Amino acid sequence: MSRSSEGALVAGKLLHLALMLLAGIVFAYPMLFMFAAGFKPSETIFAELGSPTALIPNASWTLANYRAMFEKGSIGAYLFNSGLVSLVTVVAGIFINSAAAFALAKLKWRGQGVALSLVIGLLIVPFEVLAIPLLLIVSKLPWIDIGTGAIVFGWLDSLHVQFVPFLANAFCVFLFYQFFKDVPDELLEAARMDGAGALTIYLRVVLPVCKPVIVTAAIILFLGMWNQYLWPVMTVHTSEARTVMVGLQQYYGRTTQWGEIMAYASIITLPVLIFFLAFQKHFIRSVVGSGIKG
Amino acid sequence: MASDIKHFGHARWSEVAALLGPALFLFAAFVLLPFIMAVGFSFTNIKLLQTDKVEWVGLDNYTRMFSLKLVEAPAALVKVQQNPARQWRQLKRADPVAFDGFQYLTDLELAGSQYLVGARDPQFLRSIVNTFLFALLVVPLQCGLAFAMALWVNQKFRGRVGLRTVFFSPVVTSMVVVSAIWGLILHTDAGLLNQLLRAIFGEDAAQPDWLGDSRLAMLSIAIMSAWQGAGFQMLIFLSGLQGISNDQYEAASVMGASAWQKFIYITVPGLKRTLVFVMLSTTIMAFGLFTQVDVLTGGGPRDSTTTIIFHAVRVGFREQDIAYGSAMTLFFFLFVLLLSFGQKKIMERLGS
Amino acid sequence: MKYLLGAALALAAMAAPAAPQALHVWRHETGDLEMVASAKAVERFNRQQSRWRVVVETLPQGSYQQAVTAAAMTGKLPCVLDLDQPSVPNFAWAGHIQPLEGKLRPAGADALIAGGRSTLKGKLYAVGQFDVVLALYARKSVLQKAGIRVASLEQPYTATEFRDILRQLQKQGVRYPLDLNGQRNGEWVTYAFSPWLQSAGADLIDRRTFKVADGVLNSDKALTVLDYYRSLFDERLASRKPVDEQAFTSGRAVFNYNGSWADSEYRKKFKDDLLAMPPPAFGQAPRIGAGSWQWAVSSSCPHPEAARQFVEHLISAKEIAAFSMETGLMPTSEAAADMTPMYRVGGYGRDYFEFARRFAVLRPETPAYPLISSSFERAMKEVREGGDAAEALDRAVEAIQQDLKRNRGYGF
C-alpha cells in the first residue's frame, strides 16, 4: 500500500473515531450525568453542572446515596414487580402480536382488509384518551385469584391490571406485518405442500426467520412496560403491586436530594440497558436468502 | 387438504381465529371499548369525579371546539386602541350577550378593514397549529437522524455495539430524568448549552432563552424529542436493514458496484416499506406529543408549546371536564387518521 | 343446668376481647419527619384502644391527587384519607366524602383555627392537625448591612416599599434579590399569590355567592397586583426559572417567599440570623393562605364511627402538640400551640401562629376550586412570561364563568 493511501486510511480512521466520540457525548451525556450524579453528594450536583469535570470521579464520590435507597425505599420489591410484569409482557406479547400479524399478512380470508385498517387505526389512539374509560372498565372485570381459585371482581391494585390491557400492541403487530409481507411466499408454500397447517407454519417456519424483528419487538414491549407511569398511578394504590416508576415519584416527593433521586434513576435504568445489551447481539444478518436455496 | 390451493391461499376460520383471536379480543376489550366510551362521553357533560350526574348535551362540546366569531373592528376603536386583544375586550364589554363565551384569537386585514376573530376555545385552535409545527420539525429530524444512525451502526467496525447502545441510551432513560437534565442544559443562565456558546463565541454571545422564548420553545422541544426518540427508530431501521439479504450485496460486489451504487440500488429499495413505517409512526407519535411539554414547559411560554393532547389532558384531568377532553381527543383521532392515510398514499406514490 | 351453662358460655364469649378490626387509612408521602410523626400518632391510637387497628397506606405525593381521584371513581377509597384542603369541597360535592356533622363531628373541631377546618356550604368535611403559613424570609445580618428595615407584624412592607428595596439591592449588585420559587407549578401558585389579590381588595371569586368572578378577579385592583408581579420578573428582581431551590440558603437571594415548611431547614442553617417576616401588603393588611393537608372520611366507609374516633384522636390538643414538636409544623389550635416550645407565647415560631390568626384566608370553598386554581395559575404563568395582565385575567374569568354555567353554579 502506498504511503499516501496509508495516511488517508489512518486519517479516515481517526476522523471516524472523533465522530464516534462526539456522537457518544451528545447522546450519552444525560445518562452518564445521571450515573455520575448518583455517586455525588446532593449539594455538589448543580454546582458542577456546567463544568466538564462533572463526569469524572473525584474524592467526593460516595456510595451514600445508593445505601440510602436500599434502606429507605423498597426498591427491591418494586424491581421485582417491574421485572415480572415486563417479562410476562414480552413473552406473551411476542406471540400474540406476531400471530395476529401473520394472519393479517399471509393468510387470505374475508374481512382481512377491514381488520388491517382497524389495527392501523388503533396505532393512532394515544393512551391518554382511553385512560379514564379503561379505568372504569378495569374496576369491574372479573379475575380468578391464583391463590384461592375464587372469582374476584375488579382488577385494581394487582399486577395483572398493569400489563394485560397492553399485551396486544398495535405498533408491534404493524411491525411484524411489515416484515412478514417481505417474507417470500415460496417458503410458506413449501411447508403447505408438506401438509402443514397455518399454525405449524407460523411456529416452525415464519417465527425462526424473523429474529431481528422479534428482538425489536421484545425491546419495545419491555421498554413500554418498564417505563409505564400514568396507568400504574391510576390503578395501583397499595405498595404491594407497585412498580419502579411510581416508586421514583415516591422518591421525588420525599426528598429534594437529587443525589438519591439520580441513584434511584440509575438503578431502574440498568435492567433495560442490560436487556438491550443482551438482545441486540441478535441483530445479525438474517438467513432468508439461504432459506430459498437450501 | 381439500381446501388447499396451489399458492398460499385461503385459510380455515379456525386457524385465523387461533392466530388473530387473542389480539383481537384484547384490542376489543381494552382499546375499542374504552374508545367507544370516550366517544360517548364527548356527547355528555360528564365530569371527572361525577360519573353519575351526567346529561346528554349533543354536539355542544364540538361546537365549543370550533366556534368562531368574526367581527369588524370599527374604525373609531382602531384609532384609539392599537392592541387587537384590547379592542376585543372593549367590544365585549359593550355587548356581553353577543360575545358571551368568545375570547380573542387573532386579527386579519381584509379588503382594507381590520377584522377580529374570536373563538370559544382559542387555545385549542392554537394547539392544532402548534402540533402541526412540531410534527413538521421533528419528523424529518428524527427519521433522518435514525436512518443515519442505523446505516452507521450496521457497518462492521470496532465499537459498533457500544455506539449502538449509546444511541439507544436516551430511549432507555426515564422521561423524568431526561427532562430534568435537559431543563438544566437549556437553562438560560447556568445551562450547559449557553455556557458552551459563551465559551466559543465570547462573553457577548447570544444567550437564547431556549424554553422561555415563545419562538424558540417548540424548536427546543423538537430537538430534544428527536434526540430522545431517534434511537428507537434506529432499531426499526436496523431490523429492516437486516432483512435485506447479503446475497444481493455480494452479487453487486461481483459486478463491480461502488458503495454508493449499492446504497441507491439495494439498500434504499429494500428499505422502502420500513421507511414508510418509520415516517408514519414517527408522525403519529409526534402528533401525540404530551410528556415532554408537560414536564418542560407546561404548555407555555404563552401557549406556544400547547399541543392537542396536552390541552385535552389539562382540560380533562386538571380541570375535570372529561367530556370536553374526550371530544378533543376524538377530533385528534379522526384528524391523525386522515393525515396518516394521506401520508401513506403520498409516500407509496413517491416510492414507486 | 343446661340453661345456666349456655348462659355462662354466652357471657364468656361476649366478654372475650375480639381481635381488633382493621381501619384503612391513606396518607400522602412526604418528608421523613412528618412520616415518622404520623406513624407514631397511629401507634398511640392503636395502643390506646383495642377495638380498631389503623392500617396506613402511604402513596407518593406527586401522583396522590390522581391516585385518590381514580380510587374515588371506582369506589375504592379507604375509610380515612388525607386531602389537600382546597380540594375538599370538590370531593364533598361529588359525594365521595361524608360530612363530619352530628354524631360524626369530632370533639375539638371547634377549637381549631380557620386553617384547620374545611367546609362546604357550612358543613364540616375535613380537619387538620397542622397548617402552614407563608412568610418572607431574610437574614438579619444581610438586611442590616444593606441598611434595610426589618418588617414586623404591625409594620409589614408595603408592596411599593418592597419593590424599592429590591431595586436598591439590585443596584448594589445583587442578582435576582428575591426568590419567588418561580419554577414551582401547580397549587403553589394559587396558594402563594392569590393572597396578594386579597390583600389588594380583590379576590378569586365573589365569596358571598360563589357565582361571580367577573369584576372580582379581573378588577382594576387585581390588575395592579398582576402588573406588579410581572414587573418583578421584567426588572429581573426575581428569576423566572431559578436553577434550584437553594437560592436563599446559598446566599444568592436576599429574600425568599416560601411556606413555613422551610423553617426547619433555614433555621438549621442560619439559626438566630433567620427572619420570618409577613409578606408585603397591597393596600390592605397582608394576607396569607391557609389550609394544608386535612383528614376526611369517605362515604363508602363501613364504620364511620371508628373513623371519627381516629380523627378525633388526631386533632386532640395532645396529639397536635406532639406532631408539631416532632415536625416543626404549626399547630391548628391555641391549646396545642401553648404546649409546644416553638409556638407558645415567647417561642420563636409564635409569629407564624399570629400571622395565621391575623392574616390567613382560606382558598374559596367551592367545588369549582380546581378550575379556579388552574385558571389563575395559567393567568399568572402567562403574565410571568410577558403576557398582558388584563388579557390573562379576562381569560381566566371567562373560563371560570363558563365552567360555573356548565355546572349550574355547583349547587350554590
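In this predicted model, Gly243(B) counts as buried, because it has 22 C-beta neighbours inside 10 Å and the cut-off for being buried is 20 or more. As for where this glycine sits, Gly243(B) belongs to the loop that links α9 (217–242) to α10 (246–254) in chain B. Leu271(B) lies 28 residues away from Gly243(B) along the chain, yet the C-alpha atoms of the two are just 8.7 Å apart.

Now for how the chains meet, starting with A and B. Here 74 residues of chain A are in contact with 70 residues of chain B. On the chain A side, helix α1 (residues 3–37) gives the most, putting in 9 residues. Sorted by character, the residues that chain A turns towards chain B come out as 52 nonpolar, 13 polar and 9 charged.

Chain A also touches chain C. In this case 18 residues of chain A are in contact with 19 residues of chain C. Three helices of chain A, namely α6 (127–138), α12 (230–235) and α13 (244–254), each bring at least two residues to the side that touches chain C. The largest share comes from α13(A), with 6 residues. As for the make-up of this side of chain A, there are 8 nonpolar residues, 9 polar ones and 1 charged one.

Key: Residues numbered from 1 in each chain as written. Chains lettered and ligands numbered in written order. Predicted model: local features only at pLDDT ≥ 70, side-chain atom pairs only at ≥ 80, totals over all residues. Helix = DSSP H or I, 4+ residues; strand = E, 2+ residues; numbered from the N terminus. Buried ≥ 20, exposed ≤ 12 C-beta atoms within 10 Å, placed from the backbone. Contact = placed C-beta atoms within 7 Å. Nonpolar A, V, L, I, M, F, W, Y, C, P; charged D, E, K, R; others polar.
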